[in-house]
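Trainee: Hey, I've just opened this one up. Can you walk me through it?

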Amino acid sequence: MDAPSFIAAAPGERIVTRSPREALAEEFRRRGTGRVIAFTGRRSAELCGGIGLLEEAAERAGCELIRFSRIEPEPAVATVETMCALIREKKPCAVVALGGG
């Protein structure tokens, strides 16, 4: 038997499912419609297919997906400050970090 896929983590929360698109869409709906911010690397989100999963889940949930992909391999403090400013400005219902090591 295959193990379910791990798809999301938040303080005190873990979502494990065999249907990540619907589970993620449901989680976005639960948090309230609005915006979802995705922080990704420059190319890895396309290469692994993760950005497509996020786009589909956001669309199913009626959310706008805002992607920030200007993150260097070793992020500078200025990059993190820009990311924080984006969160304050857009007031998303969810923030997703995709990729990284």
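Mentor: Sure. One bit of vocabulary before we start: a residue is called buried under 20% relative accessible area, exposed over 50%, and partly exposed in between. Also keep in mind that this is a predicted model.

Trainee: Okay, so is Cys84 buried, exposed or partly exposed?

Mentor: Partly exposed, because its relative accessibility is 34%, and that falls in between the two cut-offs of 20% and 50%.

Trainee: And Cys48, is that one buried or exposed?

Mentor: Cys48 is exposed, because its relative accessible area is 57% and the cut-off for exposed is over 50%.

Trainee: How many disulfides are there in the whole structure?

Mentor: Zero, after a search of the whole structure.

Trainee: Switching topic. How many helices and strands does the protein have?

Mentor: Four helices and five strands. Starting at the N terminus, the order is β-β-α-β-α-α-β-α-β.

Trainee: What share of the residues is buried?

Mentor: Of the 101 residues, 34% are buried. As for the outside, the protein has about 6,600 Å² of accessible surface, and carbon and sulfur atoms hold 53% of that.

Trainee: Which residues touch the most other members in the largest nonpolar core?

Mentor: Leu24, Phe28, Val36, Leu54 and Cys63, in a core of 16 residues. Two or more residues each come from α1 (20-31), β3 (35-40), α3 (50-61) and β5 (94-98). The largest share is from α3, with six residues.

Trainee: Let's follow Leu54. What does it touch beyond four places away in sequence?

Mentor: Leu54 touches Leu24, Phe28, Ala38, Leu65, Val96 and Leu98. Across the protein, 65% of contacts with a separation of 6 or more join residues 24 or more positions apart.

Trainee: Which residues are in the other core?

Mentor: That other core lies apart and has seven residues, including Ile66, Phe68, Ile71 and Leu86.

Trainee: Back to α1. Which of its residues are buried?

Mentor: Pro20, Ala23, Leu24, Ala25, Glu27 and Phe28. Some background helps with reading that list: an α-helix has 3.6 residues a turn, so residues three or four places apart point the same way.

Trainee: What span should α1 have?

Mentor: With twelve residues at 1.5 Å a residue, α1 should span 16 Å, and its end C-alpha atoms are 16 Å apart, so the two agree.

Trainee: What about Gly32, what phi does it take?

Mentor: A positive one, of about 110 degrees, just after α1.

Note on methods:
Residues numbered from 1 in each chain as written. Predicted model: local features only at pLDDT ≥ 70, side-chain atom pairs only at ≥ 80, totals over all residues. Heavy atoms only, no water. Disulfide = S-S within 2.5 Å. Buried < 20%, exposed > 50% of the residue type's maximum accessible area, 1.4 Å probe, protein only. Contact = heavy atoms within 4.5 Å. Areas by Shrake-Rupley, 256 points an atom, 1.4 Å probe, with all protein chains shown as cover. Core = buried A, V, L, I, M, F, W, Y, C linked by side-chain atoms within 4.5 Å. Expected span 1.5 Å × (residues − 1).
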